[in-house]
Amino acid sequence: MDSLFTPYPIEVTSKMLTCFGSNVKLQSKENLNPYSRYIGDIGQELWIYSKNRELLSPDEDGEYLAYMLVGVREKISIMLNEVKMHLLSEIYRDLSTLCDLTYKGEVFDDMKLNTLILKYQYM
């Protein structure tokens, strides 16, 4: 493995994507708000929060579960503040609502994460 080189990064073009036979679009680089990355990051943290609650038992892993949930909430809180200051208020409200629902026990699964990313990926 040491003798193998890692591949050089290449710029993906629309022409390259035609071989996949689907309607895949490339995100424009010119108009990206650098703070929009927090949308996907918050979604990933909500997914982690939900998975922790699903996989860790409050009876057996209660202390660790509480520690993990608090840590994730703190990360999300920091990112939500950035979203509030730098992105549209509608996006902030949507994300806050998702957070509140997840914190109250609603499951934030793969489908919800994908839906969130699809909704905002071309902003």
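**Exercise 1. Determine what share of the contacts between residues at least 6 apart in sequence joins residues at least 24 apart, and set this beside the secondary structure.**

Solution. In this predicted model, 68% of the contacts in the protein between residues at least 6 apart in sequence join residues at least 24 apart. Turning to the secondary structure, one finds 5 helices and 0 strands, and the order along the sequence reads α-α-α-α-α. As for burial, 25% of the 123 residues in the protein are buried.

**Exercise 2. Identify the residues that touch the most other members of the largest nonpolar core, and state which helices supply the core.**

Solution. The largest nonpolar core holds 22 residues, and within this core I42, I76 and L95 touch the most other members. At least two residues of the core come from each of α2 (37-55), α3 (58-86), α4 (89-103) and α5 (110-120), with α3 giving the largest share, 7 residues. Taking I42 and setting aside its neighbours within four places in sequence, one lists its contacts as I76, M79, L80, V83, L95 and C99.

**Exercise 3. Describe how α2 and α5 pack, and classify the residues of their contact.**

Solution. The axes of α2 and α5 lie 10 Å apart, and the helices pack at an angle of about 175 degrees. Because angles over 145 degrees count as roughly antiparallel, α2 is roughly antiparallel to α5. On the α2 side the contact is made by I39, G40, G43, Q44 and W47, and on the α5 side by D110, L113, L116, I117 and Y120. Sorted by character, the residues of this contact comprise 6 nonpolar, 3 polar and 1 charged.

Terms used: Residues numbered from 1 in each chain as written. Predicted model: local features only at pLDDT ≥ 70, side-chain atom pairs only at ≥ 80, totals over all residues. Heavy atoms only, no water. Core = buried A, V, L, I, M, F, W, Y, C linked by side-chain atoms within 4.5 Å. Buried < 20%, exposed > 50% of the residue type's maximum accessible area, 1.4 Å probe, protein only. Helix = DSSP H or I, 4+ residues; strand = E, 2+ residues; numbered from the N terminus. Contact = heavy atoms within 4.5 Å. Axes fitted to C-alpha atoms, helices over the stretch in contact; angles between N-to-C directions. Parallel < 35°, antiparallel > 145°, perpendicular 65-115°, else oblique. Nonpolar A, V, L, I, M, F, W, Y, C, P; charged D, E, K, R; others polar.
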